[in-house]
Amino acid sequence: MRLNCPYCGTRSVNEFVPLGSASPKRPTLAEPIERWIDYVYFRDNIAGEHDEYFYHAMGCRSWLIVTRNTVTHEIIGTKIAREVAA
Amino acid sequence: MKYSIFSLLSQAFQGNKGWSTAWRDAQPKDEYDVIIVGGGGHGLATAHYLAKEHGLTNVAVLEKGYIGSGNVGRNTTIIRSNYLLPGNTPFYEWSLKLWEGLEQDINFNAMVSQRGVINLFHSDAQRDAFARRGNAMRLNGVDSELLDREQVRQIAPYLDFDNARFPVKGGLLQPRGGTVRHDAVAWGYARAASQRGVDICQNCEVTGVRIENGKIIGVETTKGFIRAKKVGFAAAGNSSRVAAMAGLRLPIESHVLQAFVSEGVKPLIDTVITFGAGHFYVSQSDKGGLVFGGDIDGYNSYAQRGSMPLVEHLMEEGVAMIPMLSRLRFLRSWGGIMDMSMDGSPIIDKTPIEGLYLNAGWCYGGFKATPASGWCFAHTIARDEPHKLNAAFRLDRFATGHLIDEKGQGATPNLH
Ligand SMILES: Cc1cc2nc3c(=O)[nH]c(=O)nc-3n(C[C@H](O)[C@H](O)[C@H](O)COP(=O)(O)OP(=O)(O)OC[C@H]3O[C@@H](n4cnc5c(N)ncnc54)[C@H](O)[C@@H]3O)c2cc1C
Ligand SMILES: [Zn+2]
């Protein structure tokens, strides 16, 4: 599997550290505990196109959001996480 | 037909022409008392214990492919009960006890081999941690022995004891741990359940769940709607997908775990042995191949195959531990989909839906759990309440904070 880093180009997945789904949104401290439990522990665990964090540890050290098909491992697209968050 | 030395001899004299099929390949009926979704080890074991321990025989196991096509036929066959935490130890020890009596119970040769499991340690800190684990095991009545370097050398002289980075300082041995032929577990439980009247329906995928007024009434399948008083999910790597049919979200991610087998060689490794400075473990099958594996690949996956970096990493670990492995060719590799839970421990519990029960979150250690998991799940379904052995494996522990995190990794399923 190879990931396409917007800065470094196509690199082996070996250079990246995966962190799972990019979908959960961190609640604010004011939100009820149920929201926090959901954020920390519960996942859709999608079979299909999945947005997920990868950290380019052995490269530019950017956090990326990779859209990848979890059934076929096909990479659909890569974005810089910071730009998505902005 | 009961298998025994007499059936073996009489068949030998008849040219082995009289063997009947081991179990009935059934078509689903319209209605059951209990439906188990998933014909892996856990689903089949559950059906066996439902029939044997609770007298429930109007039971079906629905399997989307063929039995044994999932993780039960893909794992590296290691059994052990060397756990640390209170919620885990008694459960896994009960499982090991059930393994010890399994072949008599199901009248099937599962090749249960208590050849011992040794976890190597490579530093003083690791020795302390293993001593603590071994003591915790002993306090729970589980066998464990702390071996020093020379004792390990007697059992496994082929290790790289003086590896510059990872010298072997000793190991924690569980003598009663070992291996079991995984396919035979699926077939043996299927046969035992089938003989008591359980229907095992292959090529029957569950595609939906019918719920009325908060109570389950049956499942939609590729072979039509089947009514049921109770339904138990035991879909391992596909747990989240099945649960989603009932509107449940789980504290689980699906990940791929790979395993490997080498060319066959003469008897070499007569125990199960694990590297302590990384994640690599190896045993030798009766055919002579070395069976080994390690960590999951680390990214979410429903594909039953992994990628090359993990292969390379594993080979490096193997050679660091046993240098002569570098001379061996490996024959095959494969992958299975693990239901990695958020604390690394399983769930065997009721669900918020009446009549629906959940068995999931086995991570990569669920094979050893097969007998106890089936036994406890059967109890939970039949009595509508957990047994004390699975009382800690609750679905709501993530909300209440009663996590069972052996490794202390936190909510990072790819690190458990
Ligand atoms: C490479 C590898 C090595 C491993 N090594 C070990 C080890 O050494 N020791 C150990 O203890 N554990 C090990 N494990 C883990 C262990 O194999 C699993 O935790 C355990 O087998 C899971 O339970 P199961 O047998 O019921 O799963 P499975 O055999 O996967 O059963 C689940 C079944 O559900 C079926 N299913 C899914 N969705 C549906 C549906 N919608 N309708 C109908 N059926 C459905 C699937 O087809 C499958 O057959 C390993 C796993 C792998 C992949
Ligand atoms: Zn980069």
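Hi everyone. Let me begin with one residue in chain B: B:F367 is buried, at 8% relative accessibility. Before I go on, please keep in mind that this is a predicted model.

So what does B:F367 pair with? Its partner is B:W99, and the two rings form a tilted aromatic pair, 5.3 Å centre to centre with 45° between the planes. The partner is tucked away too: B:W99 is buried, at 1% relative accessibility. Now look at where the two sit along the chain. B:W99 belongs to helix α3 of chain B, while B:F367 is in the loop between β18 and α9, and that puts them 268 residues apart. In other words, the pair links distant parts of the chain.

Let's widen the view. How many aromatic pairs turn up over all chains? A search of the whole structure finds 19. One of them is B:F91 with B:W362, whose ring centres are 6.1 Å apart and whose planes meet at 25°, so this pair is stacked. Here, B:F91 lies in helix α3, residues 89-106, and B:W362 lies in the loop between β18 (356-360) and α9 (370-383), so the pair ties together parts of chain B that are 271 residues apart in sequence. Both partners are hidden away: B:F91 is buried, with a relative accessible area of 0%, and B:W362 is buried as well, with 7%.

Which residues do ring pairs join into a cluster? They are B:Y83, B:F91, B:Y92, B:W362 and B:F393. So if you find B:F91 on your screen, you can follow the ring pairs through that cluster.

While we are in the loop between β18 and α9, please look at B:C363, which is placed there too. Its phi is near 50°, a positive value in a residue other than glycine. B:C363 is also buried, at 7% relative accessibility.

Next, helix α3 itself. α3(B) is made of 18 residues, and from its first C-alpha to its last it reaches 25 Å, close to the 26 Å expected at 1.5 Å a residue. Where does α3(B) kink? The kink is centred on B:E100 and is about 45°. Several residues of α3(B) are buried, including B:F91, B:Y92, B:L96, B:W99 and B:I106. What do the buried residues of this helix pack against? The list is α2 (41-54), β3 (78-79), β6 (170-174), α6 (182-195), β17 (347-350) and α9, in chain B. Just after α3(B) comes B:N107, with a positive phi near 50°.

Let's move to a polar spot. B:D199 is placed in strand β8 of chain B, residues 199-201. Is B:D199 buried or exposed? It is buried, with a relative accessible area of 7%. Its side chain makes a polar contact with the side chain of B:R24, at 3.0 Å. Leaving aside residues up to four places away in sequence, B:D199 touches a set of residues, among them B:R24, B:K29, B:Y32 and B:V61.

Another side chain to show you is that of B:N163, found in the loop between α5 (149-155) and β6 of chain B. B:N163 counts as buried, at 14% relative accessibility, and its side chain reaches the backbone nitrogen of B:F166 at 3.0 Å.

For contrast, try the loop between β9 (206-212) and β10 (215-221) of chain B, where B:N213 lies. B:N213 is exposed, with a relative accessible area of 84%. Its phi is positive, near 50°, in a residue other than glycine.

There are also two places where a charge meets a ring. The charged end of B:R153 sits over the ring of B:F161, 4.4 Å from its centre. And B:R191 lies over the face of B:Y3, at 3.7 Å from the ring centre.

Last stop: helix α1 of chain B, residues 5-13. At its start, a side-chain oxygen of B:S4 reaches to within 3.1 Å of the backbone nitrogen of B:F6. After α1(B) comes B:G15, whose phi is positive, near 70°.

If you want one picture to take away, go back to the pair of B:W99 and B:F367, which links helix α3 with the loop between β18 and α9. Thanks for listening!

Note on methods: Residues are numbered from 1 along each chain as its sequence is written. Chains are lettered from A and ligands numbered from 1 in the order in which they are written. This is a predicted model: local features need pLDDT of at least 70, side-chain atom pairs count only at pLDDT 80 or more; totals for chains, interfaces and linings use all residues. Side-chain values use heavy atoms; hydrogens and water are left out. Helices (H or I, at least four residues) and strands (E, at least two) are DSSP runs, numbered from the N terminus. Buried means under 20% relative accessible area, exposed over 50%, partly exposed in between (1.4 Å probe, protein chains only). A polar contact is a pair of N or O atoms within 3.5 Å; within protein, one must be able to donate a hydrogen and the other to accept it, and residues adjacent in sequence count only if both atoms are side-chain atoms. Contact means heavy atoms within 4.5 Å. Rings of Phe, Tyr and Trp (its six-membered ring) pair if their centres lie within 6.5 Å; planes under 30 degrees apart count as stacked, over 60 as edge-to-face and the rest as tilted. A charge sits over a ring if NZ of Lys or CZ of Arg is within 6 Å of the ring centre and within 35 degrees of the ring normal. The expected span of a helix is 1.5 Å times one less than its number of residues. The bend at a residue is the angle between axes fitted to the seven residues ending there and the seven starting there.
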